[in-house]
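Got the viewer open? Let's take a walk through this one, a stop at a time.

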Amino acid sequence: MHALLALEDGRTFSGVGFGADGVQTGELVFNTSMTGYQEILTDPSYHKQIVTMTVPHVGNTGINVDDLESDRVWVAGFVVRQLSPTVSNWRSQRDLDGYLREQGVIGISEVATRSLVRHIREKGVMRAALAHGEAAHDPAALIEMAKNAPDMSGANLVDDVSCVEAYNWTEHSDPQWYKDHDYDPNGALIIAYDTGIKRTILRMLTDRGLRVTVVPARTTAAAVLAMNPAGVFLSNGPGDPAAVTYMIDNTRNLLGKVPVFGICLGHQILALALGGHTEKMRFGHRGGNQPVKNLLTGVIEISAHNHGFAVTSDSDLQGGEVTHINLNDNSIEGLRHEALGAFSVQYHPEASPGPHDSLYLFDEFVSRVKREPIRV
Amino acid sequence: MPKRLDIKTILIIGSGPIVIGQGPEFDYSGVQACKVLRAQGYRTVLVNSNPATIMTDPEFADATYIEPLTPEIIERIIEAERPDALLPTVGGQTALNLAKTLSERGILRKHGVELIGAVMESIDLAEDRQLFKDAMIEVGLSCPPSVVVGAVDDALTAAVQIGYPVLIRPSFTLGGSGGGIAYDPDELSQIAERGIKLSPVGQVLIEMSVLGWKEYELEVMRDVTGNFVVVCTIENLDPMGVHTGDSITVAPAQTLTDKELQRLRNMAKIVLDRVGLATGGANVQFAINPADGQVYVIEMNPRVSRSSALASKATGFPIAKIAALLAVGFTLDEIPNDITKVTPASFEPSLDYVVVKIPRWDFAKFPGADSRLGPQMKAIGEVMAIGRTFAEALQKGIRSLDIGMFGFGYKLAESAPEALRLPTAQRLFQVASALHDGLTPQEVAENTGFDPWFVRQLADIAALQTGLENKSINGIDSHEMRRLKQYGFADRQLAVLLNTDEMTVRSHRKALGVIPSYYRVDTCAAEFEAHTPYLYSTYEQDDEAHISDRKKVIVLGGGPNRIGQGIEFDYCCVHACFALRAMGYETIMINCNPETVSTDYDTADRLYFEPLTVEDVMNIIDAEKPDGVLVQFGGQTPLNIARALENAGAPIWGTSVDTIDLAEDRRQFNGLMRQLEIPQPAGATATTRDQALTVAHEIGYPVLVRPSYVLGGRGMAIVFDDDMLMAWSDKHIEWNGHPVLIDQFLDDAFEVDVDALCDGDSVTIGGIMQHIEEAGVHSGDSACVLPPYKISYYHVEIIREYTQMIGKAMGVRGLFNIQFAIKDEVVYVLEVNPRASRTVPFVCKATGIPLATYATQIAAGKSLAEIGFMEEPRVDGFFVKEAVLPFQKFPGVDARLGPEMRSTGEVMGHASGFGHAFYKAELAANTALPSEGSVFISVNPYDRGAATKIAKDLVALGFTLVATRGTAAYLENVGLPVRIIQKVSEGSPNIVDAIRAGDIHLVINTPRGGQAHYDGALIRGTAHLYGVPIITTMSAATAVVQGIRALRQKPLKVRSLQAHHGLN
């Protein structure tokens, strides 16, 4: 059935709908990962974003329950060049079309995605409305909807994605994908703030012998410290970090008291807590091929990215130092504050999807938690 | 890390002649390495035996040696040039093996030459299958169960343990040479014996066959600090069991989840760590069980490979260039990405398109060869196509092959499910037929082992095609037309399906506004702007071609490599680009062969990676509106479409299409020769058996016969009597109205090739080459020498005169090639080709004259006088070109030369005297002529006179003569000592046993016509298998004697082209 993607600047892209019927708005972004659509769909960081895949064939390997990053699809819409007409993979349990329909998420196929991506690259990310079915025949109304959709800047989306109650995470990775680690039920306790946390991050922690309790984003620092954790983890998540003021406060109150490790939104929150600033990027980094240089070792990591905001390069981090930069645009990708025992990266060492070059950061967190010397 | 300053001079070894498994891609990688190292200020010394390469043009290195690739010769070059370092990783397996020998013999240490880009231990580990397997298990990876053996008995024992079918893989051979699959002990014994012989270390691996598993390849790079990137993931359409060079392959991988792909990436990294690749490019191959995902590591190549050329073209990431920079100490982050300009090379390309590579085979050239595909590569060339989807890329790839197929949907007779089980060159088309006949995608997947995802894509193409039944072109609206084009349907294919002609489809399509968009290959899926115009067509919206309004010329490339159409034409195309650029034109290259220098985005200003069909070329012409189009450099492929291009309004530069047609049209051409009073062999056509006999009698035997409707000498034969003529006709001709051409065969004539330039008014000869083999051997398979060494001055003058007359009379504007034959004091014209010929690069190397450049200048309107090329260049010394034949790859094919071309490549030897030059050429062609030992002589009665003289010379040189009774009696009659040996039919021990035992060091065997009698074929086959030099013509035997004599008098010397031509 006909589907239409309408951009706030008036441009439209037509295609064939799949997944759910209806209309949805969101921030239109693109991802250059050639694999991992399933992980992308279920990553809470994509909340309220319509994601365009640059790889033309999507859905080839279907959907399996093991590769989900959360218990639902978070993207607001999914844009592809060709939805696979079939599924082929020994782990597949169902097809993408049916999964999105069940999840109430609209997909659009047969879209001139390269043209769309070049448009976003030149004009920056923008709001869009995606319609599948009847509504797709009214472009003017859809453009209007796109214009009236909420802006990502200033949006606190964490409350939408965070868990409601704390829970213990015990599951670890399937050793066929990640190096086997020993699970230790008596390991050091880590409190992981859930601002939209991915399952693979949690598994990375448990794999390394840590006990993990996941807490809602609005859990106070005092409550966290009362649990006597050996370390606190700040997770990835959607929206504008500067709008999540309570997380910035929480973090500020934890710094110096317990080792802190942040990823993505957690990195931005840490920077803000240290006194830095964040800004919205033109079209962000989303993909699995970004070169990040570890300034401490000189090693280059090919890394998975998914962020539309970044820590500004003129940030005063109050004794914090930049540890990683992106070689494509020299943006800040990692920082640490040795005195306060905190460090973070903008990108995704847990990958999923993406290369596993940066898993050492989890080992570093373990060393900090265990107060062992850090190997860099 | 900055580049190393302790190195000043770097020696680069090329890959030698084009052979199956080692093609022009190593010219591409070598050129990149040479260019970038020179640009970094290093002094470069290049050695390669292949004169048809761009890399051996003197301007690409500081010192260029076209010399045999042997350790002794390389040592001499090292002594002369004193390099600090040797880069062995851009010259394929040949360079790597040579580096290994140089290292093992202590030659590198002795001269203080450091190996860069590779370490010896890694090469050993990656190349030795047992060591590799042990190492993989040590780091927790799995390989298919296998045993390395050095004897056939051990192979049989191993196979019992592993279970049939088993794979046999010889250690250290090119393109899986000598490998095979054995289903039973008999097959195993045969393949293992051959494999052990072919392996330089005398070992084969007997391995569990993982037939039917999914096959993947990761192209990876790493730098000296350990930074690691995956440049490209490649998935094979053909499952395990077919050599990857013979597989249809797809990039990026399509049927793996991220978890599964990252696992391969991690494994590739572990493999590199363990093998210890210092810096550079490598590939790692994996097999995956489609049922449960179990992974086996199959192999790793610690060098730039055939697939790295493909990966470079597929992604825009120039692996060889970057490998060379890494070898001198740079790190990936210090090297900019050429395409985006703003980002570094330390990233992994993201593809927003699909690339399909399809191999190109030439089985028709090798009757008797096993055309089943297996672990030994048999493809001669390949095409690559880019589309936004797999379907589009695949159909573009099919029409790029230049095999008369314009898409996936053509119907073939054989499409039974059982036929789909057998991997052959036809299988893809059998799948099309099967789907058309109603076989379900599931059944196709089960029978072929293709992943169901691919089969479904194929089925969708087939369904679209079925949907066109009973439709007419006018019933196709723009929506449907666009959809068909998005699935890669060619206009020509649609014309067949809609029962109309291509131009009608084209005009209807254009009227509907369905025209291609040109998108850029940008390494980054549009995340960054692409500054390099590396383009492909697709049917989507927007266009990224950004057409300029400069003066511009399109050069049409040669398409896939095949026998008769090889690297020589790419050489000419590349020079055409360089010449046009120097004249201020914007240059635009169109080609579909990923192995070439012409498809390096650095070669032309703009590169369209597109099929060379009328449709695809005209679409580009419509978009670019060039001032000129050059069709004469890419060989037959562009010439075949020249007429249609001109009719469609393309501005063809250079020699006119009418002239091209004149040369092809037998009647017109004969008329012109009569008018010029230039003799041609007598000839006529016949359309019935009886007529053929009459014609043959009129002309007089022997006659050369060929069907008129085939190209490239296919089906051509020399027949000596009525019986042979009838036997040939029964085998090749259906007598259904197509004429058969019957020509006088000039027995024992000398053949001469001339390459010349004509500007329409005057002619200058570039080179006159005499064939060493007599008439009857295809010019492409014959060794030849420049200047002529055995023709009288008088005849050469006649040849010069005829060349002048023909060039002017035909109005050639550019290069042309004429084949002459001299018999009984008469100079005959055999053939004129008004285009760049196969010998142009050889002549350029020998004379130092850039013929292709001049031809381009002529096409652009300059006269020879303006160019300043009015005199035939003098040749200093002797240059011998020798052909390299693929018989080792096709056991069962009679290894003899004939009128049908079968060589894949060429080498050159040069020296001040003919003997040394010939010896070097033979050595470069891997025929090490003996300086002592036993020579087996077996010649047909016609050659006995010539053989006597040769035998006398050999005895005088100290050789022992060996012959069977008949020849022996003849030689003894003239007083020569001969050791008599039994024929095969006389029982053991016989001549074949003697060859196997290493008792024979040279075989001189002249067969007669089509009588491939058993003994001769077996002797030739055995000699080829055991690497014993084999000479099949008397004139070559005479040259061999001269070569051996020269070497006995004076050792070989080496000399760079720069020194030879006084360029430094």
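Start in chain B and select residues 120-127 and 129-138. These are helices α5 and α6 of chain B, and they pack at an angle of about 95° with their axes 5 Å apart. Because angles from 65 to 115 degrees count that way, α5(B) and α6(B) are roughly perpendicular to each other. Keep in mind as you look around that this is a predicted model.

Now show the side chains where the two helices meet. On the α5(B) side, pick B:Asp124, B:Leu125 and B:Ala126; on the α6(B) side, pick B:Leu131, B:Phe132 and B:Ala135. Colour this contact by class and you get five nonpolar residues, no polar ones and one charged.

**A second pair of helices**

Next, select 614-624 and 636-647 of chain B, which are α21 and α22. At what angle do their axes cross? The answer is roughly 50°, and the axes come within 10 Å. That makes α21(B) oblique to α22(B). The crossing of this pair is right-handed.

To see what sits between them, show B:Val614, B:Val617 and B:Met618 in α21(B), which meet B:Ile641, B:Ala644 and B:Leu645 in α22(B). The class colouring is simple here: six nonpolar residues, no polar and no charged.

**A covered helix**

Stay in chain B and move to residues 319-327, helix α11. Are its residues mostly buried or exposed? Nine of the nine are buried, so the helix is mostly covered, with 20 or more other C-beta atoms within 10 Å being the cut-off for buried. Click along and you'll pass B:Ile319, B:Ala320, B:Lys321, B:Ile322, B:Ala323, B:Ala324, B:Leu325, B:Leu326 and B:Ala327, buried residues of α11(B).

What do they pack against? Select α1 (25-39), β4 (85-87), β10 (214-222), β11 (228-236), β13 (280-288) and α10 (306-315) of chain B to see the partners. Before leaving, click B:Gly329, which follows α11(B) and has a positive phi, near 110°.

**Zoom out on chain B**

Now show the whole of chain B, with its 37 helices and 38 strands. Its radius of gyration is 28 Å, close to the 31 Å that the globule rule gives for 1064 residues, so chain B is as compact as a globular protein of that length. Along the principal axes, the C-alpha atoms fill a box of roughly 80 × 65 × 60 Å. Colour by burial and 62% of the chain's residues come up as buried. Of the contacts in chain B between residues at least 6 apart in sequence, 71% join residues at least 24 apart.

**Where the chains touch**

Turn chain A on as well. Here 48 residues of chain B are in contact with 45 residues of chain A. On the chain B side, the elements giving two or more residues are α9 (258-275) and α16 (452-466). Select α9(B) for the largest share, seven residues. By class, the chain B side holds 19 nonpolar, 14 polar and 15 charged residues.

**Last stop: chain A**

Finish at A:Glu110, in the loop between β8 (106-109) and α3 (113-123) of chain A. A:Glu110 is partly exposed, with 19 other C-beta atoms within 10 Å. Set a distance from A:Glu110 to A:Ser14, C-alpha to C-alpha: they are 96 residues apart in sequence and 7.8 Å apart in space. Leaving aside residues up to four places away in sequence, A:Glu110 touches A:Gly15, A:Val16 and A:Gln82.

Notes
Residues numbered from 1 in each chain as written. Chains lettered and ligands numbered in written order. Predicted model: local features only at pLDDT ≥ 70, side-chain atom pairs only at ≥ 80, totals over all residues. Contact = placed C-beta atoms within 7 Å. Helix = DSSP H or I, 4+ residues; strand = E, 2+ residues; numbered from the N terminus. Nonpolar A, V, L, I, M, F, W, Y, C, P; charged D, E, K, R; others polar. Axes fitted to C-alpha atoms, helices over the stretch in contact; angles between N-to-C directions. Parallel < 35°, antiparallel > 145°, perpendicular 65-115°, else oblique. Left-handed = near helix turned anticlockwise from the far one by under 90°. Buried ≥ 20, exposed ≤ 12 C-beta atoms within 10 Å, placed from the backbone. Rg over C-alpha atoms; globule rule 2.2 N^0.38 Å.
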